[in-house]
Amino acid sequence: MTIPESALDPFSDAALADPWAIYRELRDVGPVVRLPEYDLHAVMRFEDVRRILGDWQTFSSLSVGLNSVFNEMAGQSVDTNLLMASPPQHHRLREVFGADLAPRRLREKVEGFVVERADALVDELVERGSFDAVNDLARPYVMGIIYELNGLPESGRDRFFEWAGAMFNALGPMNARAQQGLQSVGEMFGWLHSQAGRDQVTPDSWTAHIYDAVERGAIPGATAHELLSTYIAPALDTTTHSLGWAIKLFAENPDQWHALRDDPELIPGAYREILRIQAPVHHFGRRVEEDVEIDGVRVPAGAHLMVSYASGNRDERYWERPDEFDITRDNTRQLAFGYGVHACIGQGLARAEGHAILAALARRVERFEAGDGTPFLNNLVHGLDSLDVRVTRG
């Protein structure tokens, strides 16, 4: 089979706000679809996405961004870039994070802190009765946790959501959002270099542990700020938007909320279902290293793939009732955290945050009423910029 082409634009404002119809159309065109406007080959079906993510040798993360400017810039330090590095260097970089993000360390050092923060914030908001689920709940909750764990100076706190969004815009195709994102990412690295040095961060914080790794020779000193950006930027937007979507989904599906309240053991599956049906990060790129077939389609070496986690999570070829929010379904293979070598290193923390907020709300809220919300328009991140919600206590 030859590679079909499509003029559909998944990066228009309308598609970024509501992408699901375009994703379905692209899945129906074929297993691989060339988007000539962006010189990308879109892979939108679940099994193909999972296969690609599991084969880092054939499908290299050297083109993790969807534009050549980002990839060339980031590729100058590929051996210190967690998103782009391949094993064994990738494993060495992940080990630097391993002590802080390992499940046992999260249980011992972080989960209690996360639960306390969730309970305190939810108490305050439920007492008010109405609030913005994004700007009053999700953003301050996630920012407070990430900023404190990383021990960063207060001077940058009001910029990091902007910088996090900019990083995901910069990873997208080279449109106006990506151009502006690249500029803002430069500002973020400038701040990290000038304001987040060894003597400027809290001792024994996660950032301090990166500097410890430099001092013991585990990683070169030049890697510190790149790794620090990996700790912070992806952790902010992604978890924030999963929580915003959680409130909206449960407001629209009160039967699912009642089921969760009746059985809190459903919380882990419920959070996975939120991630499945509203994946916060929609795509990453991969480079084809050798001629390969993807579901019968011959793809040449050098092709730049757009691998769509979000589309795969709603692929009707794999999921029954893919557009239906069902917290009891078997969703353990959902792709929101990726799969394989480059699976999200911070997914344990994201789950701890999500579970804590859902548990805190379940103990206090009988029903949500929410508006439509304002979409958060970003090349790769899909979320809400605001969402007015009213809660009924119970």
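Modeller: A cavity is a set of points, on a 1 Å grid over the protein atoms alone, where a 1.4 Å probe fits but cannot get out. This is a predicted model, and totals for linings use all residues. Residues are numbered from 1 along each chain.

Colleague: How many cavities of 30 Å³ or more does the structure hold?

Modeller: The structure holds 2. The largest has a volume of about 70 Å³, and the second largest about 50 Å³. A volume is the space filled by probe spheres set on the points, with grid points joined across faces, edges and corners.

Colleague: What makes a residue part of a lining?

Modeller: A lining residue has an atom within 4 Å of a point. For the largest cavity, the lining includes Pro-10, Tyr-23, His-282 and Asn-378. For the second largest cavity, the lining includes Trp-56, Phe-59, Arg-286 and His-342.

Colleague: Why is Arg-286 called charged?

Modeller: Asp, Glu, Lys and Arg count as charged, so Arg-286 does too. Ala, Val, Leu, Ile, Met, Phe, Trp, Tyr, Cys and Pro count as nonpolar, and the others, Gly among them, as polar. The second largest cavity's lining has 3 nonpolar, 4 polar and 1 charged residues. The largest cavity's lining has 7 nonpolar, 5 polar and no charged residues.

Colleague: Why is the crossing of α6 and α15 called right-handed?

Modeller: A crossing is right-handed if the near helix is turned clockwise from the far one by less than a right angle, and left-handed if anticlockwise. The axes of α6 (residues 103-128) and α15 (residues 347-362) cross at roughly 35 degrees, and this crossing is right-handed.

Methods: Predicted model: local features only at pLDDT ≥ 70, side-chain atom pairs only at ≥ 80, totals over all residues. Heavy atoms only, no water. Axes fitted to C-alpha atoms, helices over the stretch in contact; angles between N-to-C directions. Helix = DSSP H or I, 4+ residues; strand = E, 2+ residues; numbered from the N terminus. 1 Å grid on protein atoms, 1.4 Å probe; cavity = no way out; pocket = protein on both sides within 12 Å on 5 of 7 lines; lining within 4 Å.
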